[in-house]
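Let's take a friendly walk through this structure, from its domains and helices to a few individual residues.

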Amino acid sequence: MTGGRRRDRFIAALGLTVIWVLLWGSFTPLTVAGGLVIAVVVLIVFPLPAVTYAGRIHPLGVLRFAGRFLTDMVVASVQVAVLAFRFGHVPRSAIVAVALRAPSDLGLTLTAEALSLVPGSLIVDADRRRGVLYVHVLGISSADEADRFKQGVLDLERRIIRAFGSPAERRILEEVPA
Amino acid sequence: MSGVLDVLAWVCLVVGALLSLSAGVALMRFPDLLSRMHAATKPQVLGLLLVLIGCALRLREAVDITTLLLVAVFQMATAPVAAHMIGRAGYRAGQARTDLLVVDELAGTDDKR
């Protein structure tokens with residue numbers, strides 16, 4: 001087992017213990033010890049595949065990403081809610097393929113999660129090998145709008161990489177202008 | 001101070017409930033499976049988050065707030081996965097109404113076997 005792998009497992013055990021303590025709602029030696037035992041058992045019984053994370057967390061990028069994510073979520077929630085109450089109107093939609101520029105497993109997952117949490121977009125399929133996300137977009141009425149949406153996804157990827165990406169991913173982004 | 005928190009909690013709870021209601025209405029009204037998945041997974045997420053914030057503002061106990069935080073984290077981690085699984089299965093089973101799609105770039109890719 002390499003050092004990075006061991007560190008990943010340690011972080012996972014710590015996270016599980018924290019969740020256990022939070023579930024009990026009391027911070028006592030017994031809950032912490034119980035949590036640790038359960039975390040170790042869980043990690044041995046259900047070993048996780050190794051996630052390679054070469055990136056580094058950039059606080060400013062994370063803030064910018066989180067702020068934009070929250071606004072997106074509120075705006076889009078209201079849009080879907082309005083669409084729900086527009087009687088006599090059948091919303092049309094589109095499935096667009098978006099090829100990410102720097103498709104690492106983690107980047108792909110984070111982009112897909114962030115995209116899915118914002119109303120109006122839903123991942124129908126993902127091609128991990130080629131780094132392509134197939135996104136179902138609600139309330140699209142023309143091919144132009146679909147193109148604008150694609151640009152939005154690439155911007156989201158850019159924000160995520162600026163927040164969590166590795167130096168190599170950042171270099172790719174700088175080479176390919178948006 | 002407590003009065004202000006109560007008003008904020010009230011606003012969060014009502015807005016959250018309204019968003020959840022709109023998700024329910026959308027679930028009934030949207031034309032096909034994929035559109036409905038939007039309603040089932042998204043306004044509902046923000047609605048739940050607002051209800052949780054409202055509860056936290058009202059309860060103001062560390063124990064309760066950490067539990068609410070866990071609910072929020074699990075909801076945000078699992079909702080996209082559930083939506084993706086159902087959407088993907090539905091699309092492959094031919095449940096998506098293609099006549100409502102302006103563009104369908106998934107159709108005809110070799111991935112769709």
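## Buried positions in chain A

A residue counts as buried when its relative accessible area is under 20%, as exposed when it is over 50%, and as partly exposed in between. Keep in mind that this is a predicted model. With that cut-off in hand, Ser121(A) is buried, because its relative accessibility is 3%. Ser121(A) belongs to strand β2 of chain A, which covers residues 121-127. Leaving aside neighbours within four places in sequence, Ser121(A) is in contact with Leu115(A), Ser116(A), Val135(A), His136(A) and Phe149(A), and also with His38(B) and Lys42(B) from chain B. Arg56(A), by contrast, is 65 residues from Ser121(A) in sequence and 28 Å from it in space, C-alpha to C-alpha.

Helix α5 of chain A, residues 143-164, holds Glu157(A), and Val153(A) is found in α5 of chain A too. Is Glu157(A) buried or exposed? Glu157(A) has a relative accessible area of 2%, so it is buried. Val153(A) is likewise buried, with a value of 1%. Not counting residues up to four places away in sequence, Glu157(A) touches Leu100(A), Arg101(A), Ala102(A) and Thr111(A). With neighbours within four places again set aside, Val153(A) is in contact with Val98(A), Leu100(A) and Leu115(A). Leu100(A) therefore appears in the contact lists of both Glu157(A) and Val153(A). Val153(A) and Ser121(A) are 32 residues apart in sequence, and their C-alpha atoms are 9.9 Å apart in space.

## Domains of chain A

Chain A is divided into two parts: domain 1 spans 3-45 and domain 2 spans 59-175. Their centres, taken over C-alpha atoms, are separated by 33 Å.

## Helix packing in chain B

How do α3(B) and α4(B) run relative to each other, parallel or antiparallel? Their axes come within 9 Å and cross at roughly 175°, and the two helices are therefore roughly antiparallel. On the α3(B) side, the residues that meet α4(B) are Gln44(B), Val45(B), Leu48(B), Leu49(B), Leu52(B), Cys55(B), Ala56(B) and Leu59(B). Their partners in α4(B) are Asp64(B), Ile65(B), Leu68(B), Val71(B), Ala72(B), Gln75(B), Met76(B) and Ala79(B). This contact is made up of 13 nonpolar residues, two polar and one charged.

Helix α4 of chain B (residues 62-92) also packs with α2 of chain B (residues 33-41), where the axes come within 10 Å and cross at roughly 170°. This pair, α2(B) and α4(B), is therefore roughly antiparallel as well. Here Leu33(B), Leu34(B), Met37(B) and Thr41(B) in α2(B) meet Ala79(B), Ala83(B), Ile86(B), Gly87(B), Gly90(B) and Tyr91(B) in α4(B). Seven of the residues in this contact are nonpolar and three are polar, with no charged residue among them. Ala79(B) takes part in the contact with α2(B) and in the contact with α3(B).

## Pro80(B) and its partners in chain A

Pro80(B) is found in helix α4 of chain B and is buried, with a relative accessible area of 5%. Which residues does Pro80(B) contact, leaving aside neighbours within four places in sequence? They are Glu113(A), Ser116(A) and Leu117(A) from chain A, together with Gln75(B). Ser116(A) is also one of the contacts of Ser121(A). Within chain B, Pro80(B) and Gln44(B) are 36 residues apart in sequence and 12 Å apart in space, C-alpha to C-alpha.

## The loop residue Arg60(B)

Between α3 (43-59) and α4 of chain B there is a loop, and Arg60(B) lies in it. Its phi is near 55°, a positive value in a residue other than glycine. Most residues other than glycine have a negative phi. Arg60(B) is partly exposed, with a relative accessible area of 36%.

## Cysteines without disulfides

How many disulfides are there over all chains? The count comes to zero. Cys12(B) is in no disulfide, and the nearest cysteine sulfur, that of Cys55(B), is 9.8 Å away. A disulfide would need the two sulfur atoms to be within 2.5 Å. Their surroundings can be described too: Cys12(B) counts as buried at 14% relative accessibility, whereas Cys55(B) counts as partly exposed at 26%.

How values were computed:
Residues numbered from 1 in each chain as written. Chains lettered and ligands numbered in written order. Predicted model: local features only at pLDDT ≥ 70, side-chain atom pairs only at ≥ 80, totals over all residues. Heavy atoms only, no water. Domains from an automatic or database assignment. Axes fitted to C-alpha atoms, helices over the stretch in contact; angles between N-to-C directions. Helix = DSSP H or I, 4+ residues; strand = E, 2+ residues; numbered from the N terminus. Parallel < 35°, antiparallel > 145°, perpendicular 65-115°, else oblique. Contact = heavy atoms within 4.5 Å. Nonpolar A, V, L, I, M, F, W, Y, C, P; charged D, E, K, R; others polar. Buried < 20%, exposed > 50% of the residue type's maximum accessible area, 1.4 Å probe, protein only.
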